[in-house]
Amino acid sequence: DTSSISQALSTFVSDYNNALSAVNSQFTFSTSSGSEGALSGDTTIRSLQGVLEGIAGYTPSQTSGATTVESLADLGITMNDDGSLTLDTSTLDQALQNPQAVQTFLQGSALNGFAQQAASAIGEYSDPTLGSIANEINSLSQQYSSLQSQINNYESGYIASQQTVLTAMYSQAEIALQQLPAEMQQIQQQLGNNNSNN
């Protein structure tokens with residue numbers, strides 16, 4: 001079904017460009033804020049960027065069985081200077097004149113073609129349970145929970161005890177300050193008495 005193949009490849013190009021744009025936005029320097037994206041230093045995102053570029057440059061292995069279609073360019077999918085992809089429908093239509101070659105490129109001789117390779121590469125990141133992104137999110141969640149627990153323990157332990165100690169000290173200081181006028185009066189009376197005795 002050449003129409004379905006054409007639509008699927010058009011959707012692939014659109015989704016690829018959206019994914020690449022989301023990844024690249026993390027490395028774009030903002031002149032207004034003076035910084036890059038929040039994930040600019042994240043090694044997983046850097047690695048994903050390389051994987052996407054690798055997918056776009058895919059060429060079949062000798063065992064894939066591809067014939068006249070040896071790259072995405074043969075299907076009319078080419079890379080622009082910014083890394084995004086463009087689909088030339090006329091080149092694709094010409095390639096679809098030999099649907100067997102297109103099918104072999106996409107599926108391979110034993111489900112080892114472009115589609116499987118791309119899905120496998122992306123799945124290492126996007127898998128909701130075992131993917132790199134899910135693992136990193138879980139790791140960050142655990143770190144957050146650990147830090148929050150440490151903060152709670154610090155607040156309920158050290159800070160609370162210090163607050164109790166300081167409150168007691170200030171209470172004693174306040175009592176002492178309240179007693180000072182009476183003590184000063186006693187001292188003055190004693191000094192006055194001593195002066196009168198002399």
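**View 1. M184 in helix α6 is partly exposed, with a relative accessible area of 44%.** Partly exposed sits between buried, under 20% relative accessible area, and exposed, over 50% (1.4 Å probe, protein chains only). Helix α6, residues 132-197, is home to M184. Helices (H or I, at least four residues) and strands (E, at least two) are DSSP runs, numbered from the N terminus. Now look for E70: from C-alpha to C-alpha, M184 and E70 are 101 Å apart in space, and 114 residues separate them in sequence.

A word on what you are looking at: this is a predicted model, in which local features need pLDDT of at least 70, side-chain atom pairs count only at pLDDT 80 or more, and totals for chains, interfaces and linings use all residues. Residues are numbered from 1 along each chain as its sequence is written, and side-chain values use heavy atoms, with hydrogens and water left out.

**View 2. Helix α1 has 23 residues.** From its first C-alpha to its last, α1 reaches 32 Å, close to the 33 Å expected at 1.5 Å a residue; the expected span is 1.5 Å times one less than the number of residues. At the N-terminal end, D1 caps α1, with a side-chain oxygen 3.2 Å from the backbone nitrogen of S3. Buried residues of α1 include L9, F12, V13 and Y16. The buried residues of this helix pack against α2 (43-56), β1 (77-79), β2 (85-87), α3, α4 and α5.

**View 3. Helix α4 covers residues 99-107.** Here A101, V102, T104, F105 and L106 are buried. The partners that the buried residues of α4 pack against are α1 (2-24), α3 (89-95) and α5 (114-126). Just after α4 comes G108, with a positive phi near 80°.

**View 4. L111 lies in the loop between α4 and α5.** With a relative accessible area of 62%, L111 is exposed. Its phi is near 55°, a positive value in a residue other than glycine. Most residues other than glycine have a negative phi.

**View 5. T44 is found in helix α2.** Is T44 buried or exposed? T44 is buried, because its relative accessible area is 15%. Leaving aside neighbours within four places in sequence, T44 is in contact (heavy atoms within 4.5 Å) with Y125, S132, I133 and E136.

**View 6. The largest pocket holds about 180 Å³ of space.** Which helix gives the largest share of the lining? That is α1, with five residues. Helices α1, α2 and α5 each supply at least two residues of the lining. Among the lining residues are F12, D15, L48, I122 and I133. The lining divides into nine nonpolar residues, one polar and one charged.

Technical notes: Polar contact = N/O pair within 3.5 Å; in protein donor to acceptor, adjacent residues only side chain to side chain. 1 Å grid on protein atoms, 1.4 Å probe; cavity = no way out; pocket = protein on both sides within 12 Å on 5 of 7 lines; lining within 4 Å. Points joined across faces, edges and corners; volume = space filled by probe spheres on them. Nonpolar A, V, L, I, M, F, W, Y, C, P; charged D, E, K, R; others polar.
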